[in-house]
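Got your viewer open and a selection box ready? Let's take a walk through this one, stop by stop.

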Amino acid sequence: MSKWLSRLAVVIPLLLSASVWAQGQMQAQTQIRTLARQNQSDLHLTIYNNFAVVRDVRDVVLPAEELLLEFQDVASTLKPASVISRSLEQSDGIRILEQSYRYDLLNRESLLETYIGRKLKYSRTVLQGNTYEKVLREGILLSTNPEIVDFGDEIEISPEGIISLPDVPDGLTLSPTLVWLVDNPIHGPQKIETTYIANNLSWKTDYVLTLDDESKRLDLASWATIRNDSGAIYHNVKLKLVAGNINQVHEPQRKEMNYARVNSLAADSYAEVKALAAYQSFDLPRRTRLLNHEAKQIQLNEVQGVKYQQLYRLQSQVVSHSYPRIEEPVVTAEIQFSNSEANQLGVPLPEGIARTYLKSEGVAELVGESQFSASPRDQMVTVALGQAFDLTASRQQIEFTRLSDRSFEASYEIELSNSKDESLTVLVDELMQGDWQILEASNKSEKLNSSLLRFEVKVPARGKQSIRYRVRWRT
C-alpha cells in the first residue's frame, strides 16, 4: 500500500506539470496583433463638461482564429466599463471574450518595483591611477523610493551607479493599452471601431464683444477653449462640443498646459449648431490635433453689426428688520441685445466668459469682463461691464414698523446722482422677500415677479433724482 502511495505521489506532480506546460504552450501559440496609432483611419471626439466620448477606428488584417488584440495609445483616463468595440464592415467579425486595461506604464519606478526581491547590477566608472575602470556590483533590491540594495557584505540606500536589468517584466506597457482576447471567424482586413469614455477632457466658451458707441452696434466672436488632460494625443480628430451639464462621477485634476489658438478664416468654417437630446451640440468643420496637457482655442463663429443698448442698473436687497444706516450701492453698466436672426444672431450661445472692448479713436479698450449666461436663440442677452463712474447712489430706510411677528412695514428713499452732460435712465431693482405689497410710491413701478420690484428712473444731466416708496410684507 505504501509503495502504491509513493508512486502516486510521483505521478500527480508530473501530471500537474504537464497540465501547466500544456496551458503555457496554448498561450504561446495564441497570436497577438497590435493596433497602434499608425493603424488609425478615423477619430472622433464628442466633448462634454469634463469628459469625452472617443470613437477610434483602426484597420487591421486578422486570421480566422482566437487571438489577442492589443489596442494601444488610448487615454490614461479611459473608463474600461464604457468600452464598445465592433467590426464596421463585417457584421460577424470579432467577438471579444475577455478585456484587460493595462495602464501600468514603463518608467524607472514601475520597472524597479517589479524587481523587488530580485538581483540587479550597479555599474560605475572610477579612476584607478591614470585610467578609468568600470566597477560592477550585484545585489538584491529590497525597496524602492529610495532604493535599498543588499550587496551581501553591506546594505546601501540609494547606491551610486547605472542599473542593469536582464529583461522587462510582462505587464508594463509604453502607453495605456486595451488587451482583448477575441474570437474572429473571418480571415482578412477589418475596420475595428472602439468607443469609450475618457475623463479630463473639457471645453468652455469665451466671447469677445467689440462695441461701437456711435452706431450702438457690436461685433461678437465666440471661441471654444478645449482642454485635454486625458493622457492621450488626438491626431486629425473631428470634434463635436456638447453644451449642457451631463451627470458623471469624476475627480477633476488640473495641470499645467500648453496653449494654442486656431483661427477659422472663412465664414463657412464656423461650427454647425445642432440639437442633441436636451442639449446643444457644435460640430467643428475642421479637423485638428489635441496634444496632452494642452489648451486650444478654436473659433466657433463671428458676427458683426449686432444692435445693442446701454443700460444702467441699481440693485438692492430689502431687509425685514430696522436698518437706518445710509447705504451707497453701486450702479452697474450693462449692455443688452437680442439673440435673434433679425439682429444677425439667432443661434444658441453657451455660457462662458465675455470680455467687452469699446472702440475709442480707433483703439479697442477693455471696458468689462463678466460671466456670460447661456442664451437660447430669440432671447434677450445682458452682459455686465462694471461700475458706472458717472452715476452714484445713496439708499436709506427712513421708516420701519413691526406689525406682528411676521408682518412689517418700511419706507425707503433712493437718490441717484448723474455727473454726465446727458440724461441717463437707471433701472432700480429692489429684491423683496415674503408676501409683499407696495402701499405708495413717488415713481411708477413694476412688479416683475414675486421677488422683484423695478423703477425706471430718468436722471437729468449733472443732476439728481429721488425715489420714495412704502412696502408691507409678511415673511
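Below is a tour in five stops, from the whole chain down to single residues. Keep in mind along the way that this is a predicted model.

**Stop 1: the whole protein**

Start with a cartoon view and colour by secondary structure. You should find two helices and 33 strands. Now switch to colouring by relative accessibility: of the 475 residues, 39% are buried. If you draw a surface, about 27000 Å² is exposed, and carbon and sulfur atoms supply 48% of that area. A contact map is worth a look too. Take the contacts with a separation of 6 or more, and 73% of them turn out to link residues 24 or more positions apart.

**Stop 2: the largest pocket**

Next, select Gln 310, Tyr 312, Ala 333, Leu 385 and Lys 420. Of the 22 residues that line the largest pocket, these lie nearest its centre. Three elements give two or more residues to that lining: β22 (309-317), β26 (380-387) and β29 (424-431). Show them as ribbons and keep the five side chains as sticks.

How much space lies in the largest pocket? About 520 Å³. Colour its lining by class and you get 13 nonpolar residues, four polar and five charged.

**Stop 3: the largest cavity**

Now for the enclosed spaces. The whole structure holds four cavities of 30 Å³ or more, and the largest cavity has about 60 Å³ of space. To see its walls, select Arg 37, Gln 40, Leu 43, Val 54, Asp 56, Arg 58, Asp 73, Tyr 196, Ile 233 and Tyr 234.

Bring up β2 (40-47) and β3 (51-62) as well, since each supplies at least two residues of this lining. Which element gives the largest share? That is β3, with three residues. By class, the cavity lining splits into five nonpolar, one polar and four charged residues.

**Stop 4: two positive phi angles**

Stay with one member of the cavity wall, Asp 73. Zoom in on the loop between β4 (66-71) and β5 (84-87), where Asp 73 sits. Check its backbone: phi is positive, about 60°, although Asp 73 is not a glycine. Is Asp 73 buried or exposed? Its relative accessibility is 19%, and the cut-off for buried is under 20%, so Asp 73 counts as buried.

Then jump to Gln 344, in the loop between β23 (331-338) and β24 (352-360). Here, too, is a positive phi in a residue other than glycine, with a value near 70°. Gln 344 has a relative accessible area of 44%, so it falls in the partly exposed class.

**Stop 5: Thr 225 and its neighbours**

Last selection: Thr 225, in strand β15 (residues 217-228). With a relative accessible area of 5%, Thr 225 is buried. What covers this residue? Leave out anything up to four places away in sequence, and Thr 225 touches Ser 202, Trp 203, Lys 204, Asp 206, Lys 296 and Gln 297. Show those six as sticks around it.

One of these neighbours deserves a distance label. The side chains of Thr 225 and Gln 297 are joined by a polar contact of 3.0 Å.

Notes. Residues are numbered from 1 along each chain as its sequence is written. This is a predicted model: local features need pLDDT of at least 70, side-chain atom pairs count only at pLDDT 80 or more; totals for chains, interfaces and linings use all residues. Side-chain values use heavy atoms; hydrogens and water are left out. On a 1 Å grid over the protein atoms alone, a cavity is a set of points where a 1.4 Å probe fits but cannot get out, and a pocket is an open set with protein on both sides within 12 Å along at least five of seven lines; lining residues have an atom within 4 Å of a point. Grid points are joined across faces, edges and corners, and a volume is the space filled by probe spheres set on the points. Helices (H or I, at least four residues) and strands (E, at least two) are DSSP runs, numbered from the N terminus. Ala, Val, Leu, Ile, Met, Phe, Trp, Tyr, Cys and Pro count as nonpolar, Asp, Glu, Lys and Arg as charged, and the others, Gly among them, as polar. Buried means under 20% relative accessible area, exposed over 50%, partly exposed in between (1.4 Å probe, protein chains only). Contact means heavy atoms within 4.5 Å. Accessible areas come from the Shrake-Rupley method with a 1.4 Å probe; for residues, only the protein chains shown count as cover. A polar contact is a pair of N or O atoms within 3.5 Å; within protein, one must be able to donate a hydrogen and the other to accept it, and residues adjacent in sequence count only if both atoms are side-chain atoms.
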